[in-house]
Amino acid sequence: MPSPGGYPRRVPELIEVERYRTLAVEALGRKIVAVDSPDTWFLKGAADGPVLSGLLVGRQFTDARRIGKLLLLDVADGPVIGLRFGMTGSLRVDGNDAVEELLYSPTRRDAAWDRWSVTFADSGRLVVHDPRRLGGVSLDPDVSGLGPDATAIGAAALATAFSGSSAPLKARLLDQSRIAGIGNLIADEVLWRAGLAPLRPAGSLSPAELRRLHRHLIRALSDLTTRGGSHLGDLMPERHAGGICPKDGTTLMRTTVGGRTSWWCPVHQV
């Protein structure tokens, strides 16, 4: 669904990382014979090349899990490997990609941007590719600071995430410690569907508005997953200068919220 503003591609939000998780299943149960960590900056916390090699070589990944935008690979009798993808990170297994192009990433693929990989005994590989180096690899990542996953959050938990907050509504949606997994494109789509302005204080929503927001959040995530990406929302083709609201034809407004560009309708989003 390319837009007139030149936004044909996606970014790794929750839906894309879920596709990475599905692809990572292909790496389970295969003996790891080598770990390549060419970019030491990409390794976070206690993770470094020799440590990762020592922990992984001879073992297998046993499970691939996701919390928000964090991919977790369990290792047999070993640690959990955490993979974050930032704005341009992608996953490849045996030469196959989970997604096509990413919005803020170069269209060409350069092996110099392969930040971390493992090789299996059958010569297959799992590779993390990230041109802008905004992601990372970690050992036993602490997930206690993440809020409930956006696909599973209940209405009561959503209300708790916003209660008493004077922060802009969109900023609260993007706060991974409150709700895990929502990125910029999904947030704009959900607020547009729910008819709520992104700059409105999060704590100002009425019980009825909170229920409406929750309903549209769950539906939007389901719709976008079925369509195949966070970039396939109804609002997405109009997220550009001169874009119009698909609901009422009003010229969209462009606002920066929480450091992120936001497009919204000043008529029906209140």
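Mentor: Let's agree on one term first: a residue is buried under 20% relative accessible area, exposed over 50%, and partly exposed in between. Keep in mind, too, that this is a predicted model.

Trainee: Thanks! Let me try the term out. Where does Arg133 lie, and is the residue buried, exposed or partly exposed?

Mentor: Arg133 lies in the loop between strand 8 (125–129) and strand 9. Its relative accessible area is 29%, so Arg133 is partly exposed.

Trainee: And how should I read its backbone? What is the phi of Arg133?

Mentor: The general idea is that most residues other than glycine have a negative phi. Here, Arg133 has a phi near 60°, a positive value in a residue that is not glycine. Asp140 also has a positive phi, about 45°, although it is not a glycine. Asp140 is found in the loop between strand 9 and helix 3 and counts as partly exposed because its relative accessibility is 49%.

Trainee: Which residue follows helix 5, and what is its phi?

Mentor: That is Gly195, with a positive phi near 70°.

Trainee: Let's turn to the interior. How many residues does the largest nonpolar core have, and which have the most contacts inside it?

Mentor: In general, nonpolar side chains of soluble globular proteins tend to be buried together. In this model the largest nonpolar core has 31 residues, and Ile81, Leu83, Leu91 and Trp116 have the most contacts inside it. Helix 1 (residues 14–24) gives the most to this core, with four residues. There is also a second, separate core of 26 residues, including Ile15, Ile186, Leu205 and Leu213.

Trainee: What is Leu83 in contact with, leaving aside neighbours within four places in sequence?

Mentor: Leu83 is in contact with Lys69, Leu70, Leu71, Leu73, Leu91, Trp116, Val128, Gly136 and Val137. Two of the names with the most contacts inside the largest core, Leu91 and Trp116, are among those partners.

Trainee: How do I read the sides of a helix? Which residues of helix 2 are buried?

Mentor: An α-helix has 3.6 residues a turn, so residues three or four places apart point the same way. In helix 2 (residues 49–56), the buried residues are Gly49, Leu52 and Leu56. They cover an arc of only 70° around the axis, and therefore sit on the same side of helix 2. Pro50 and Gly54 are exposed, on the face turned away from that buried side.

Trainee: What do the buried residues of helix 2 pack against?

Mentor: They pack against strand 1 (32–36), strand 3 (70–75), strand 4 (80–84), strand 7 (114–120) and strand 9 (136–139).

Trainee: How many residues of helix 5 are buried?

Mentor: In helix 5 (residues 184–194), 11 of its 11 residues are buried. Asp188, Glu189 and Arg193 are among them, as are Leu185, Ile186 and Trp192. The cover over these buried residues includes helix 1, helix 4, helix 6 and strand 11 (260–264).

Trainee: What about a pair of helices? At what angle do the axes of helix 3 and helix 6 cross?

Mentor: Two packed helices are described by the angle between their axes and the distance between the axes. For helix 3 (residues 155–162) and helix 6 (residues 207–227), the axes come within 10 Å and cross at roughly 115°. The crossing is right-handed.

Trainee: Which residues meet there?

Mentor: From helix 3, Ala155, Leu158, Ala159 and Phe162 meet Leu210, Leu213 and His214 of helix 6. By class, that contact has six nonpolar, one polar and no charged residues. Leu213 is familiar: it is also in the second core.

Trainee: One last topic, residues far apart in sequence. What separates the C-alpha atoms of Ser163 and Ser204?

Mentor: Ser163 and Ser204 are 41 residues apart along the chain, with 8.2 Å between their C-alpha atoms. Ser163 lies in the loop between helix 3 and helix 4 (169–174) and is exposed, with a relative accessible area of 54%. Another case is Gly259, which is 88 residues from Ala171 in sequence and 8.8 Å from it in space, C-alpha to C-alpha. Gly259 is in the loop between strand 10 (253–257) and strand 11, and counts as exposed at 64% relative accessibility.

How values were computed
Residues are numbered from 1 along each chain as its sequence is written. This is a predicted model: local features need pLDDT of at least 70, side-chain atom pairs count only at pLDDT 80 or more; totals for chains, interfaces and linings use all residues. Side-chain values use heavy atoms; hydrogens and water are left out. A nonpolar core is a set of buried Ala, Val, Leu, Ile, Met, Phe, Trp, Tyr and Cys residues joined through side-chain atoms within 4.5 Å. Buried means under 20% relative accessible area, exposed over 50%, partly exposed in between (1.4 Å probe, protein chains only). Helices (H or I, at least four residues) and strands (E, at least two) are DSSP runs, numbered from the N terminus. Contact means heavy atoms within 4.5 Å. Axes are lines fitted to C-alpha atoms, for helices over the stretch in contact, and angles run from 0 to 180 degrees between N-to-C directions. A crossing is left-handed if the near helix is turned anticlockwise from the far one by less than a right angle, and right-handed if clockwise. Ala, Val, Leu, Ile, Met, Phe, Trp, Tyr, Cys and Pro count as nonpolar, Asp, Glu, Lys and Arg as charged, and the others, Gly among them, as polar. The arc is that of the directions from the helix axis to the C-beta atoms.
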